[in-house]
Amino acid sequence: MPYKDKGHLAIEDRGSVLVVRVDGGRHQEFGLDIAQQLEKLVTRADRDPNIRAVVFTGAHPERFVSHAAVRWLQEGGASSPTVGRRGAAAVVRMAKHVDRSRLLGPVLRRTPMRGALQLERLHSTFLRMNRSGVLYVAALNGSALGLGAEFAWACDLRVMADGDYFIGQPEILLGIIPGGGGTQRLTRLIGTHRSLAAILEGKPFTPAEALANGAVDTVVAQDKVVAEAVELAEHFGKRSKGTVEAAKRAVYFGGSLSLEDGLHAERTEFFARVMSKESQELMLDYMETTDATGELPLYTPGTYARSLAAGSVPGRRPTDGR
């Protein structure tokens, strides 16, 4: 039976936070429809200054995302001629250039380029999430394997349900390796050796294991997962959207470079923000408050706690929140 996608993202608007339920059909699989809808959602979130965070959770009662739709992957591979590593490298390099021009002509649909373009587009969407001033939170209401886990790794924070659930990369058991970013993102989360061992074995982490090794940020009762994720989204969403974007770019992209290049990335983001109207107002405010009170605001009892809750140091002049 040919692969037919039935994936859907159901979006609930909660003001500055969008709660998105990923519906992957009967088996809760991630397919092309979900990938395309996710791309549109990220574009919407970036363009709307009022959207500060997005929370993803699964429509299935016990699964966040099962894994990629295997028929989607298999048919994509079967429809293309076999290529070696050199050929594959050439294909994926070409796919990057073609994707930038948004061209996918009929000539390419029966070649390795088709699958490479789809993968390039998905990687591009995940990278846009990492570059964005919007905070992305995975509310893992159940298990996630393969692309489901990679989707969670691509988010900024992860809340996982406690119970008989699991998260990991089983691709090796199907004769492939992670293709949605797992070899890179999981490695950056938990370290090279633990990531390699997990990928080579194909055994997933329990919630407790995922928490202990840093693959998720918190584990709560299943009925509290979405609420906890929304609370985190609202808390971090109070920070300046532009500054969140700068911090994410510096950490995600600078953190994987050499120290010298990473510091260059940090300087770039720092200077872009330090010259912004918002940061100038906040720093002037800070100095004026210091002059008026005789003490540094962050060392005034109670001010630090209020700053964390508000997302900025309270002062004497309003900011526009950009």
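A salt bridge is a side-chain nitrogen of Lys or Arg within 4 Å of a carboxyl oxygen of Asp or Glu. Keep that in mind for the exercises below, and remember that this is a predicted model.

**Exercise 1.** Check that E39 and R121 form a salt bridge, and work out which parts of the chain the pair ties together.

*Solution.* Start with the distance: the N to O gap between these two side chains is 3.9 Å. The cut-off is 4 Å, and the E39–R121 pair does count as a salt bridge. Next, find the two ends. E39 sits in helix α1 and R121 in helix α4 (residues 112-131), so the pair links parts that are 82 residues apart in sequence. Finally, look at exposure. E39 has 14% relative accessibility and is buried, while R121, at 25%, is partly exposed. The structure holds 6 salt bridges, and two others come up next.

**Exercise 2.** Take D156 and find out which side chain of helix α10 makes a salt bridge with it.

*Solution.* The partner is K248, with the closest N and O atoms 3.0 Å apart. K248 belongs to helix α10, whereas D156 is in the loop between α5 (147-154) and β7 (157-161), so this bridge ties together parts 92 residues apart in sequence. Now for exposure: K248 has a relative accessible area of 8%, so call it buried. D156 is buried too, at 12%.

Then add Y252, also found in helix α10 (residues 241-254). Its side chain makes a polar contact with the side chain of D156 at 2.6 Å. From C-alpha to C-alpha, Y252 and D156 are 9.8 Å apart, though 96 residues separate them in sequence. Beyond its sequence neighbours, Y252 touches N130, C155 and D156. Y252 is partly exposed, at 27%.

**Exercise 3.** Stay in helix α10 and describe the salt bridge between R249 and E245.

*Solution.* First, the gap: the closest N and O atoms are 3.1 Å apart. Second, the spacing: both residues lie in helix α10, 4 residues apart, which is about one turn of the helix. Third, exposure: R249 is partly exposed at 29%, and E245 is partly exposed at 29%.

**Exercise 4.** What lines the largest cavity, and how do the lining residues split by class?

*Solution.* The count comes to 1 cavity of 30 Å³ or more, with a volume of about 30 Å³. Its lining is R52, G133, L135, F236, G237, R239, K241 and V244. Sort these by class and you get 3 nonpolar, 2 polar and 3 charged residues.

Methods:
Residues numbered from 1 in each chain as written. Predicted model: local features only at pLDDT ≥ 70, side-chain atom pairs only at ≥ 80, totals over all residues. Heavy atoms only, no water. Helix = DSSP H or I, 4+ residues; strand = E, 2+ residues; numbered from the N terminus. Buried < 20%, exposed > 50% of the residue type's maximum accessible area, 1.4 Å probe, protein only. Contact = heavy atoms within 4.5 Å. Polar contact = N/O pair within 3.5 Å; in protein donor to acceptor, adjacent residues only side chain to side chain. 1 Å grid on protein atoms, 1.4 Å probe; cavity = no way out; pocket = protein on both sides within 12 Å on 5 of 7 lines; lining within 4 Å. Points joined across faces, edges and corners; volume = space filled by probe spheres on them. Nonpolar A, V, L, I, M, F, W, Y, C, P; charged D, E, K, R; others polar. Lists of a residue's contacts leave out its neighbours within four places in sequence.
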